[in-house]
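Biologist: I am new to this structure and would like a close look at how one part of the model is packed. Please start there and then work outward to the rest of the chain.

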Amino acid sequence: MPPLRRHGGAKPKNTKKTLLRLCSYMAAYKWLWPLEFICVVISAGAGIFGTYLLKPIINNYIVPFIGRQNPDLSVFMQLLAIMLFVYLLGAFCTWLNARIMIHISTNTLYTIRSDLFKRLEMLPIRYYDAHPHGELMSLFTNDTDTLRDMLSITIPQLFSSMLTVVGVLIMMIVLNPVLALVLIGTLALVMVLARKIGSKSASSFREQQKNIGIVNGYIEEMITGQNVVKVFNREKQITDRFAILNDNLCKAGTAANTYANILGPMMNNFSHIQYAFIAMCGSALAISGVLDIGTIASFLQYTRSFSQPVSMISQQFNSILNALAGAERIFGVLDQEKEVDDGTVTLVNSMQTAPSAAQDGKSHLVESFAHTGTWAWKKADGLLLPLKGDVSFDHVTFGYEAEKTVLHDITLHAEPGKKIALVGSTGSGKTTITNLLTRFYDIEDGCGTITYDGIPIKDITKNELRRSLGMVLQDTHLFTGTVRENIKYGNPDASEAQILAAAKLANADPFIRHLEQGYDTVLTGDGNNLSQGQRQLLSIARAAVANPPVLILDEATSSIDTRTEALIEKGMDRLMEGRTVFVIAHRLSTVRNADEIIVLEQGVIIERGTHDELMAARGRYYNLYTGTFELD
């Protein structure tokens with residue numbers, strides 16, 4: 001399983017490709033982009049033009065009005081009104097720009113999240129087995145967060161900053177090329193210094209992000225395992241370990257923030273020094289008669305407007321690269337191949353016609369568009385075959401990886417209504433058999449065949465195949481919702497009577513009725529307000545309400561105590577009655593009544609037979625059952 005990726009300081013592998021693909025998502029709002037462009041231009045232009053108005057205001061009105069009695073202020077007031085209008089227009093366009101980008105970014109991310117979630121639902125189990133859940137969750141949190149910031153904040157600011165820098169530079173050259181050259185020279189000097197500090201800051205922040213991940217992972221692990229920690233009195237040891245990890249984070253954070261905190265004040269103080277230096281140079285030029293007061297005032301204001309966007313641009317590029325790296329990870333998942341399904345056989349409701357209704361006087365199986373409770377396989381040519389639950393593995397060899405074979409030449413036959421028990425050590429291949437039956441994994445061509453009612457399961461569509469199977473797993477999973485909704489998850493069309501019957505069959509009804517809201521009790525956090533045994537009972541009820549012809553029980557009673565197991569034994573027998581059942585069990589007492597017990601070891605069937613036959617053979621099963629050997 002690959003390690004979790006760290007997101008600090010990440011860079012995309014193919015910036016151009018990722019950016020173009022991101023633009024394809026935003027192209028849905030192409031009618032808003034011209035308006036966005038106009039708003040950014042007006043917003044940046046308003047600041048530049050408003051600053052330039054200082055020159056005529058000072059030169060033509062303020063300076064001439066000094067010492068004059070009762071001057072005519074009408075034109076002066078008109079110019080001030082124009083300046084006020086320009087700044088108000090700029091403020092409005094800034095607000096409108098922000099609103100447009102919020103609309104574009106939120107809707108773009110909505111589409112990306114929807115596509116990502118849909119793709120994850122289409123990916124095979126193999127993909128989930130190879131990628132940690134935390135890594136997939138980070139796509140919806142860290143990566144989409146950086147994308148949102150880039151789309152709604154960084155890109156508009158970057159575009160506005162670039163326009164401001166270009167516009168201000170042009171205006172400064174127009175006002176006075178000499179002062180503009182002085183400004184550029186001093187700014188270049190400080191940018192070299194800022195770049196060096198910034199590179200060290202980025203390295204330190206990467207180290208900080210790494211340590212944050214380590215500390216958070218350790219905290220999550222320790223909180224989850226608090227019961228084990230307390231049982232073995234390891235509180236002091238884990239506290240000491242946390243102190244070391246926390247100290248590493250503190251050091252990394254101190255280094256990162258030291259550089260980051262140096263850069264801000266340095267740039268701020270430099271802008272003041274630069275402002276004072278330009279003021280001194282401008283004053284000297286004014287004294288020599290080269291410049292007027294209005295030009296100096298406008299130029300000094302432009303000086304303030306120039307340095308801030310320049311430093312902002314350098315910071316925004318890093319943010320954009322980080323966001324594009326996150327987008328690249330998201331697009332990497334979107335490019336994963338969907339679960340392949342070449343099946344053509346579907347599952348339909350069926351019914352038997354009356355003999356009198358047929359020309360040959362015989363009863364025939366026909367498709368029914370109403371729910372009948374009787375199912376049939378429908379082939380591409382329209383031929384219907386009754387669903388019986390006859391499962392056969394014929395010389396099946398399989399490995400999750402090409403170089404490592406898990407199952408070796410497995411042959412077994414589960415006749416309709418028979419109970420097959422799979423027994424063996426951990427890693428012997430028991431669960432792999434059920435993974436192949438459910439088509440979570442497919443066997444390669446030439447490595448045997450698996451048939452279901454005589455139909456190769458590769459010919460059955462995966463959705464229809466899984467509809468015909470019921471599963472109760474060792475690790476139960478309950479969804480946020482009521483108890484009723486969790487039971488109904490196995491059959492969305494189940495009636496209230498069917499839900500109650502399934503709960504009673506699994507012996508879950510008594511404890512459900514003792515809950516505060518009964519069947520309407522809301523379960524959260526994977527049913528943490530229930531005991532493990534109660535959760536397992538709900539899982540069994542969920543399988544019962546689905547009424548499947550084939551049932552897979554993977555350690556279904558492992559979390560149920562002996563008393564509870566005895567209580568539900570009759571119910572389980574009723575659930576298994578008439579169904580083909582595959583039982584995986586470590587508790588061998590639960591498989592004694594199986595029609596056939598198959599003993600696996602390292603992917604090979606070493607024994608098979610009934611309980612009595614295997615006990616009489618005094619082989620591996622006998623040793624396991626009597627405790628001479630124990631299952632891992």
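At what angle do helix α1 and helix α4 pack, and how far apart are their axes?

Modeller: This is a predicted model, in which local features need pLDDT of at least 70 and side-chain atom pairs count only at pLDDT 80 or more, while totals for chains, interfaces and linings use all residues. Residues are numbered from 1 along each chain as its sequence is written, and side-chain values use heavy atoms, with hydrogens and water left out.

Helix α1 (residues 15-26) packs against helix α4 (residues 74-122) at about 110°, and their axes are 9 Å apart. Helices here are DSSP runs of H or I with at least four residues, strands are runs of E with at least two, and both are numbered from the N terminus. The axes are lines fitted to C-alpha atoms, for helices over the stretch in contact, and the angles run from 0 to 180 degrees between N-to-C directions. α1 and α4 are therefore roughly perpendicular to each other, a label given to angles of 65 to 115 degrees. On the α1 side the contact (heavy atoms within 4.5 Å) is made by L22, Y25 and M26, and on the α4 side by I104, T108, T111, I112 and D115. Sorted by class, the contact has 5 nonpolar, 2 polar and 1 charged residues. In that sorting, Ala, Val, Leu, Ile, Met, Phe, Trp, Tyr, Cys and Pro count as nonpolar, Asp, Glu, Lys and Arg as charged, and the others, Gly among them, as polar.

For the wider setting, the protein chain comes to 19 helices and 16 strands. Of its 632 residues, 42% are buried, that is, under 20% relative accessible area with a 1.4 Å probe, protein chains only. Among contacts between residues at least 6 apart in sequence, 74% join residues at least 24 apart.

Some of the strands come next. Strand β1 (residues 346-352) pairs with strand β3 (residues 375-378) in the antiparallel sense over 4 bridges; two strands count as paired if DSSP finds at least two bridges between them. Within this pair V348 has A376 as its bridge partner, and L347 stands opposite W377. β1 is also joined by 3 bridges to strand β2 (residues 365-367), again running antiparallel, and there Q352 has L365 as its bridge partner. β3 in turn pairs antiparallel with strand β4 (residues 384-386) over 3 bridges, with K378 opposite L384. The hairpin of β3 and β4 has 5 residues between the strands, and in it G382 takes a positive phi near 90°.

Further along the chain, 4 strands form an open, antiparallel sheet in the order β6-β5-β8-β9. Its edge strands, β6 (407-414) and β9 (455-456), each pair on one side only. Strand β8 (residues 449-452) and β9 pair over 2 bridges, and T451 of that pair stands opposite P456. Helix α11 packs on this sheet, touching β5 (391-398), β6 and β8, and its direction makes about 115° with that of β5. Of the 8 residues of α11 (residues 430-437), 7 are buried, so the helix is largely enclosed by the rest of the structure. Those buried residues are K430, T432, I433, T434, N435, L436 and L437. After α11 comes R439, with a positive phi near 60°.

The last topic is the nonpolar cores. A core is a set of buried Ala, Val, Leu, Ile, Met, Phe, Trp, Tyr and Cys residues joined through side-chain atoms within 4.5 Å. The largest one has 42 residues, and I487, I512, L538, V591 and I597 have the most contacts inside it. Helix α16 (residues 532-546) supplies the largest share, 7 residues. Apart from this core lies another, of 33 residues, with L387, V396, I410 and I457 among them.

Returning to the largest core, I487 is found in helix α13 (residues 483-488) and is buried, with a relative accessible area of 0%. Neighbours within four places in sequence aside, I487 is in contact with I499, A503, I512, Y519, L538, A541, R542 and V545. I487 and L500 are 13 residues apart in sequence and 9.3 Å apart in space, C-alpha to C-alpha. With the same kind of neighbours left out, L538 is in contact with L478, V483, I487, A508, F511, I512, L523 and L530.

Methods:
Buried means under 20% relative accessible area, exposed over 50%, partly exposed in between (1.4 Å probe, protein chains only). Angles under 35 degrees count as roughly parallel, over 145 as roughly antiparallel, 65 to 115 as roughly perpendicular and the rest as oblique.
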